[in-house]
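Please work through the exercises below with the structure open beside you, trying each task before reading its solution.

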Amino acid sequence: MRVGLEPFLMLAAVLFSLGLYGAVSKKATVQLLMSLELMAVAVNINLVAFSRFITPATLDGWFFAVFTMVVSAAEVGLGLALIIAIYRRSRGSEVTGLSELKG
Amino acid sequence: MNWLIAIPALPALAFVVLVFLPRALRNRTLWLSVGATCISLALAFMAFGRVWPGGNELASVRWDHPWVLGVMGGAPISLSMQMDAITAVMLVVITFVGTAVQIYSLSYMSKDEREGWYFAVLSLFTSSMLMLVLADNLLLVFAMWELMGLCSYLLIGFWYELEAPRKASQKAFLTTRVGDLGFLFSLLVIYRAIGTWDITRVLASVPSWGPGVAVAAACGLLLAAMGKSAQVPLHVWLPDAMAGPTPASALIHAATMVAAGVYLVARTLPIFKAAPGVLMATLIVGAITAVVGGLLACVQHDVKKVLAYSTISQLGIMFMGLGAGSVVAAMYHLATHAFFKSLLFLGAGVIIHAAHTQDMREMGGLRKHMPITWITVLIGSLALAGVVPFSGFFSKDAIIKALLDAHLYWAAGVVFFASGLTAFYMTRLYFRVFEGPEQTEHLHEGSPVMLTPMVALATVTVFLGAGSLAFAKFLGEQGEWPSVPLILASTAVAATGIGVGWWFYGRRSVVVNTQAYKAIMGPFYAALQQKLYFDIAYDSAIVKPYIAVTHLLAVVDRSGIDAAVNGVAAGWVAFAAAAAAFDRVVIDGAVNGLATLSKRAGTALRSLQTGRLQGYQRLVLSAVVLFMLYLVLYVVVKGA
């Protein structure tokens with residue numbers, strides 16, 4: 001059986017929704033970061049899927065996906081560094097405590 | 001004759017120099033003023049010598065140098081001087097009396113700290129009076145006339161720390177100003193008539209004047225002369241003017257300035273002759289003044305005021321001479337009177353210095369202590385009373401003769417009556433001051449500096465009578481000695497006056513109770529005591545209504561004009577207040593309102609900044625969801 005575009009989009013949407021839920025609701029900073037990764041992955045799936053089904057002749061989507069992965073990796077590295085720095089400073093890394101910039 | 005200008009110019013120069021010196025230096029350079037007057041005296045004698053020998057025609061040497069002051073009606077106003085017999089006489093009288101008074105003042109005023117200012121004003125006065133008699137232009141005469149008025153004002157009010165001199169100076173200034181209005185009026189009339197103020201040309205053109213012009217001009221000139229020469233009813237200032245220093249009174253208010261009115265009328269007599277009615281008015285004014293002045297002199301106790309009223313009376317007699325149309329008689333009496341009246345005033349100064357009072361009732365027995373003053377004042381009194389060999393007799397008889405020649409017998413009678421009064425009040429003064437018991441201590445004779453001028457004046461008084469024929473000839477008339485009946489009549493009148501005076505005040509054995517006689521005189525004496533109610537009448541008829549009017553005007557000013565001005569101001573204040581309110585409420589309100597709005601908005605929006613990361617995320621998420629919803633709905637709707 002030949003799988004079409006829609007299942008990929010559905011998968012991406014589910015993953016993105018999970019990631020979004022996690023980003024909005026999780027208190028632990030690490031979980032937050034993981035949720036973001038999830039959303040990035042969902043986007044990547046979309047990119048690759050669209051590339052495969054809509055414009056098979058070019059590799060634009062592929063390239064974007066690779067870029068996104070690179071950026072995500074850098075982002076995770078930076079994010080973890082930030083988390084460690086925050087942890088060192090306040091002995092906790094829950095995102096709800098980080099409200100010093102409150103207006 | 002160009003050096004004539006030096007006669008008035010030297011005292012004027014002395015004035016200018018003295019005025020600009022500091023006070024201390026000024027007080028030490030009085031010789032400037034005295035010296036200038038002395039040189040003027042010498043020059044006046046020279047001028048007199050130049051015009052001496054002949055009659056009027058030969059004598060009128062005209063010194064003509066026009067200064068162009070300005071242009072009026074296309075013609076330049078030129079001022080010129082002239083020299084004739086009348087001027088020559090006036091020059092000598094003014095400079096002689098002026099020099100005598102200045103030398104006398106050196107001693108009299110030596111204790112005053114503003115001595116220098118006194119001499120400066122005296123110089124200015126001498127200068128202006130000399131210029132007045134030298135001027136051949138009525139405008140220049142008027143200017144000098146006013147300048148003399150100013151000097152008179154300054155000298156009367158010399159002791160301005162005291163109230164009486166202050167008031168007297170204002171009174172003198174304002175009263176003479178009434179007469180000056182007449183002068184101004186006649187100046188306008190004359191200029192309108194012939195377009196010039198040159199006295200020579202004016203007088204030459206008098207016959208060609210229209211009927212009313214001479215009358216109008218003469219009326220104005222008469223009014224001016226009445227003010228300056230203290231004729232009734234404008235005489236009230238002269239007795240009060242005695243508040244000034246005595247030597248200044250001798251020069252200004254006895255000898256010279258008050259005679260300026262007589263001089264003016266004498267100078268312009270052709271105008272008066274062209275208006276016989278005004279000439280008669282001059283005579284009548286003179287007659288009234290002679291009698292009123294004489295009567296009032298009889299009741300004064302202040303030695304200077306007796307002399308002041310006497311001056312008024314004598315000026316009235318001069319006016320009568322002018323009214324009879326005789327310049328010679330009037331000028332002659334003016335000259336003799338100037339000498340003996342200034343002598344009497346200087347004598348009064350010595351007496352006041354010694355007795356430290358001006359009230360005759362507090363004097364007495366001064367004869368033994370001041371022999372020279374005694375003899376000189378006696379000579380002056382006899383001359384004033386018109387006793388035979390002295391100059392006053394001749395000049396007074398010249399006036400009587402002129403009146404008789406003009407068939408004005410009643411006027412001659414008036415002069416006789418005034419002479420009798422003169423003899424009486426001078427006798428009264430003499431006995432009150434020099435005879436009787438001594439009432440004051442430390443009596444002393446005046447200093448030689450004061451006595452020398454008095455002796456000089458007394459000498460002139462004694463011998464001037466002998467020159468009456470020469471004087472008449474000099475002024476262009478054929479004079480003659482008084483006839484024997486006239487001499488007898490005059491002497492009888494003088495003797496009567498002196499006898500009555502002696503009976504009241506001179507008798508040693510009997511002390512006359514003057515109070516009883518005053519009681520007999522009753523209301524008449526009371527009227528004389530009140531100066532015939534002139535001052536009271538002026539006070540209630542002019543001064544008080546005037547003050548009332550000024551108060552009224554002040555009220556009008558306050559309630560009308562001030563109110564209008566204040567109303568406008570109040571209007572502007574109200575307008576400004578409204579503008580300020582507009583500024584505050586609308587403009588400031590707009591600015592502040594914006595600020596408040598931003599602040600409220602900031603405060604409201606601030607609550608969004610929770611600082612919680614996930615709050616923001618949720619916000620973004622909901623915004624995106626809403627956006628998506630919108631897009632989907634839009635697309636759906638569009639699609640549908």
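The exercises that follow concern a predicted model, and each task is paired with a worked solution.

**Exercise 1. Describe the make-up and overall dimensions of chain A.**

Solution. Begin with the secondary structure: chain A has three helices and zero strands, and from the N terminus on its elements run α-α-α. Next take the dimensions, where the C-alpha atoms of chain A fill a box of roughly 55 × 25 × 25 Å along the principal axes. Then turn to the radius of gyration, which is 17 Å for chain A, while a compact globule of 103 residues would have one near 13 Å. Finally, consider burial: 16% of the 103 residues of chain A count as buried.

**Exercise 2. Decide whether chain B is spread out or compact by the globule rule.**

Solution. First note that chain B contains 27 helices and two strands. The globule rule gives 26 Å for 640 residues, whereas the radius of gyration of chain B is 39 Å, well over that value, so chain B is more spread out than a compact globule. The C-alpha trace can then be set beside this result, for it spans about 160 × 65 × 50 Å along the principal axes of chain B. As a last step, look at burial, which takes in 47% of the 640 residues of chain B.

**Exercise 3. Check whether the length of helix H7 (residues 138-156) of chain B agrees with its number of residues.**

Solution. The expected span is 1.5 Å times one less than the number of residues, and for the 19 residues of H7(B) this comes to 27 Å. The end C-alpha atoms of H7(B) lie 26 Å apart, which agrees with the expected span. To place the helix in its surroundings, count its buried residues: H7(B) is mostly covered, with 14 of its 19 residues buried.

**Exercise 4. Explain why Leu223(B) counts as buried, and find its contacts.**

Solution. Start by locating the residue, since Leu223(B) is found in helix H10 (residues 211-228) of chain B. A residue is buried if 20 or more other C-beta atoms lie within 10 Å of its own; Leu223(B) has 23 such neighbours and therefore counts as buried. Setting aside neighbours within four places in sequence, Leu223(B) is in contact with Gly179(B) and Gly182(B).

**Exercise 5. Identify the residues with the most contacts inside the largest nonpolar core.**

Solution. This core has 197 residues, and those with the most contacts inside it are Val262(B), Met320(B), Met331(B) and Val415(B). Its largest share, 19 residues, comes from helix H17 (residues 327-355) of chain B.

Terms used
Residues are numbered from 1 along each chain as its sequence is written. Chains are lettered from A and ligands numbered from 1 in the order in which they are written. This is a predicted model: local features need pLDDT of at least 70, side-chain atom pairs count only at pLDDT 80 or more; totals for chains, interfaces and linings use all residues. Helices (H or I, at least four residues) and strands (E, at least two) are DSSP runs, numbered from the N terminus. A residue is buried if 20 or more other C-beta atoms lie within 10 Å of its own, exposed if 12 or fewer, and partly exposed in between; C-beta atoms are placed from the backbone. Two residues are in contact if their C-beta atoms, placed from the backbone, lie within 7 Å. A nonpolar core is a set of buried Ala, Val, Leu, Ile, Met, Phe, Trp, Tyr and Cys residues joined through C-beta atoms within 7 Å. The radius of gyration is taken over C-alpha atoms; the globule rule is 2.2 Å times the number of residues to the power 0.38.
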